[in-house]
Amino acid sequence: MRLVAGPGHRVVLGGQAWERRYAALAVPWPEPDFTAEDFQRHVAAFWRHAVWVAKKTLRGELRAALRWSQVELREHTYALLTEEARLEGRTPRPEARKAEQWLDERRLKQTAIETSIDQRGLARALLAEIALFEEVSASVASRRGFTLPDYSAVAAWLRAELAKL
């Protein structure tokens, strides 16, 4: 309910029961803590999905590559962008809502990744996503004291394979 009615509400029908429910929205609910396990899960999932996107791109499965890129990769990238913004004192919103307001100028430029249904375009987009993810994961890891796993071999393989296009 906080996602739907949090920005503002007015009960038209429903009476006292609904008034009480919506009154709970006024409580400053704490944000769930971003744990080291959350970080590790997002980092591992990003690299796993990046390999899938690259393989689909290289095989010519362009629509599947586009889908995996925009749904799966972005989910993990934005999880770390959200945590980075929170650590910098900004107030991010879930699911990248109003990201134009809480991403800094550098991250706005980095997330303006253009895609198209051609191999070269998808390869360029994946390389840009990898560069962004490497940067934001290092930023979050250093600020939170998390161990950043070494995916440099995967990143090098992806860059070498995508360079062929």
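**Exercise 1.** State where K98 is found and which sign its phi has.

*Solution.* K98 is found in the loop between α4 and α5, where helices are DSSP runs of H or I with at least four residues, numbered from the N terminus. The phi of K98 is positive, about 55°, although K98 is not a glycine. Most residues other than glycine have a negative phi. At 45% relative accessibility, K98 counts as partly exposed, the class between buried (under 20% relative accessible area) and exposed (over 50%), with a 1.4 Å probe and protein chains only.

The model is predicted: local features need pLDDT of at least 70, side-chain atom pairs count only at pLDDT 80 or more, and totals for chains, interfaces and linings use all residues. Residues are numbered from 1 along each chain as its sequence is written, and side-chain values use heavy atoms, without hydrogens and water.

**Exercise 2.** Determine whether E95 is buried or exposed.

*Solution.* E95 lies in the loop between α4 (62–87) and α5 (99–102). Its phi is near 55°, a positive value in a residue other than glycine. With a relative accessible area of 70%, E95 is exposed.

**Exercise 3.** Describe how α3 and α8 are oriented and which residues meet.

*Solution.* First, the axes of α3 (residues 36–59) and α8 (residues 152–163) come within 11 Å and cross at roughly 15°. The two helices are therefore roughly parallel, a class for angles under 35 degrees. Next, W47, A50, V51, A54, K55 and L58 in α3 meet V154, A155, W157, L158, E161 and L162 in α8, contact meaning heavy atoms within 4.5 Å.

Terms used. Axes fitted to C-alpha atoms, helices over the stretch in contact; angles between N-to-C directions. Parallel < 35°, antiparallel > 145°, perpendicular 65-115°, else oblique.
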